[in-house]
Amino acid sequence: MGAGGPVYRWEFEKRGKPVTVSVSGPLIVNDVELTLRAALDGLGLAFLFEEHAAEHIARGTLVRVLEDWCPPFEGFFLYYPSRRQQPAALQALVDAIRV
């Protein structure tokens, strides 16, 4: 358990077989920018959505590892009650993220 609670277990999948890995080390962060900066500084591996690292992968400053263990991310899903009169804030959120 980390100082702020349990540490996220990295999730991978290959040929339909899921694998979950506990990670530990001297530096564990839960901020995308800090994670990216640590990887760029050579401090270890980073578990990120590809969109956060794509620019650096394209430049060659980061290298993707375990690619065959990372299936494409299908995107986020939002489930909400189907009422005729949604609260305005929920309706605004739905409208903003609807694809």
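**Exercise 1.** In this predicted model, determine which glutamate meets the side chain of arginine 64 in a salt bridge.

*Solution.* The criterion is a side-chain nitrogen of Lys or Arg within 4 Å of a carboxyl oxygen of Asp or Glu. The side chains of arginine 64 and glutamate 67 satisfy it, with an N to O distance of 3.3 Å. Next, consider the surroundings: Arg64 and Glu67 belong to a salt-bridge network that also includes Glu50. Finally, assess exposure. Arginine 64 has a relative accessibility of 30% and counts as partly exposed; glutamate 67, at 48%, also counts as partly exposed.

**Exercise 2.** Establish where in the chain the salt-bridge partners lysine 14 and aspartate 68 lie.

*Solution.* The two side chains meet at 2.8 Å, N to O. Lysine 14 is located in strand S1 (residues 10-14), whereas aspartate 68 is found in the loop between helix H2 (50-59) and helix H3 (88-97). The pair is 54 residues apart and thus links distant parts of the chain. Lysine 14 is partly exposed, since its relative accessible area is 21% and buried means under 20%. Aspartate 68 is partly exposed at 48%.

**Exercise 3.** Classify arginine 59 and glutamate 55 as exposed or partly exposed, and describe their contact.

*Solution.* Begin with the contact: the side chains form a salt bridge of 1.9 Å, N to O. Both residues lie in helix H2, four residues apart, about one turn of the helix. For the classification, exposed requires over 50% relative accessible area. Arginine 59 is therefore exposed, at 53%; glutamate 55, at 47%, is partly exposed.

**Exercise 4.** State how many salt bridges the whole structure contains.

*Solution.* A search of the whole structure yields five.

Notes
Residues numbered from 1 in each chain as written. Predicted model: local features only at pLDDT ≥ 70, side-chain atom pairs only at ≥ 80, totals over all residues. Heavy atoms only, no water. Helix = DSSP H or I, 4+ residues; strand = E, 2+ residues; numbered from the N terminus. Buried < 20%, exposed > 50% of the residue type's maximum accessible area, 1.4 Å probe, protein only.
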